[in-house]
Amino acid sequence: MEIRELRYFVAIAEELHFGRAAQRLEIAQPPLSRALARLERQLGVTLLERTSRKVTLTEAGAVLLSEGRAILSAVATAERRTQQAAQRRPHLVLAAKSGTADELLAKLLDAHRAEPGAATVDLLLCEAHQHQKLLKNGQADVALLHLPFDSTAGLDTEILYTERQVAILPTSHPLAGRSRLRAAEVSELPELPMARWPGPDGDYPEGPGAEVRNLTQLFQLIALGRTTVIIPESAAIGLRRDLAAVPVLDAPPVTTVLAWPPQSRLRAVADLIRVATRVAVVP
């Protein structure tokens with residue numbers, strides 16, 4: 001099986017339309033059809049069911065689509081990491097959720113920049129569910145994650161610090177003036193249902209709360225009286241004036257970690273981790 005044929009198949013399987021797949025690949029349609037037929041002959045299976053109206057995946061085609069995506073991602077990752085290793089000056093991409101750990105990031109990037117021969121570090125701000133994909137496909141070399149919210153399955157990690165959680169409420173809300181709260185008091189507010197974050201697959205859990213993807217969007221919805229949330233205390237640093245952060249006594253602590261793929265052999269990653277453990281302190 002050739003990588004080119006696999007790339008062609010994945011495009012067809014994702015588009016379920018030969019014309020759109022050919023346009024996406026910037027090739028003519030006949031070579032695309034011939035490549036698919038050749039692939040089906042090599043494997044001895046039917047990958048797609050085609051009628052005059054639609055194209056659908058067979059069970060075998062669905063398996064190859066899943067495996068093919070993983071293979072193409074691995075190939076792209078190998079290309080990027082090989083090219084990166086040949087660079088005269090090391091270069092890293094650090095992924096972090098927008099609006100989180102701002103104080104730590106500022107300290108880390110400043111301290112790392114001052115190290116002799118330090119690698120160039122690009123900051124990639126992403127949404128809550130994107131870290132795993134960015135690390136696995138090589139778009140990011142290391143990421144800031146927050147346990148227990150983020151999954152670290154299949155990754156190596158280094159603990160940086162642990163902190164308490166706070167509830168974010170509109171300043172006009174009766175609970176905003178309290179010195180402390182219980183999680184049940186926040187989660188059971190009928191007028192402020194808890195915000196919902198997407199899972200690793202990008203889907204939202206069921207519930208009445210607003211669907212959110214980043215803190216800017218979340219804080220605006222809370223200020224408008226549409227939702228509330230319990231989040232790490234560091235995420236509330238510099239909170240807008242129409243919102244209040246109240247400690248939640250029984251909310252589980254949140255641990256911030258650096259995570260990276262276990263197969264990473266980049267010395268620049270090890271250097272960044274060493275600096276991070278030195279500058280990390282509880283906010």
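**View 1. The contacts of lysine 97 in a predicted model.** Lysine 97 touches Cys126, Glu127, Ala128, His131, His146 and Asp150, leaving aside residues up to four places away in sequence. One of these neighbours, Asp150, also pairs with lysine 97 through the side chains, in a polar contact of 3.0 Å.

**View 2. Lysine 97 within its strand.** Here we stay with lysine 97, which belongs to strand E3. Is this lysine buried or exposed? Lysine 97 counts as buried because its relative accessibility is 12%, and the cut-off for buried is under 20%. Alanine 143 lies 46 residues away from lysine 97 along the chain, yet 8.9 Å separates their C-alpha atoms.

**View 3. The largest nonpolar core.** Now for the core, which has 25 residues. Which of them touch the most other members? They are Leu92, Leu94, Leu104, Leu108, Leu144, Leu160 and Leu258. Two or more residues come from each of strands E3 (91-97), E5 (142-147), E6 (156-163) and E10 (254-260), and from helices H5 (102-113) and H9 (267-279). The most generous contributor is H9, with 7 residues. In soluble globular proteins, nonpolar side chains tend to be buried together.

**View 4. A closer look at leucine 104.** Beyond residues up to four places away in sequence, leucine 104 touches Leu144, Leu160, Tyr161, Thr256, Val279 and Ala280. Among these partners, Leu144 and Leu160 join leucine 104 in the group of core residues that touch the most other members. Another core lies apart from this one. That second core has 20 residues, including Leu6, Ala35, Leu36 and Leu72.

Conventions: Residues are numbered from 1 along each chain as its sequence is written. This is a predicted model: local features need pLDDT of at least 70, side-chain atom pairs count only at pLDDT 80 or more; totals for chains, interfaces and linings use all residues. Side-chain values use heavy atoms; hydrogens and water are left out. A nonpolar core is a set of buried Ala, Val, Leu, Ile, Met, Phe, Trp, Tyr and Cys residues joined through side-chain atoms within 4.5 Å. Buried means under 20% relative accessible area, exposed over 50%, partly exposed in between (1.4 Å probe, protein chains only). Helices (H or I, at least four residues) and strands (E, at least two) are DSSP runs, numbered from the N terminus. Contact means heavy atoms within 4.5 Å. A polar contact is a pair of N or O atoms within 3.5 Å; within protein, one must be able to donate a hydrogen and the other to accept it, and residues adjacent in sequence count only if both atoms are side-chain atoms.
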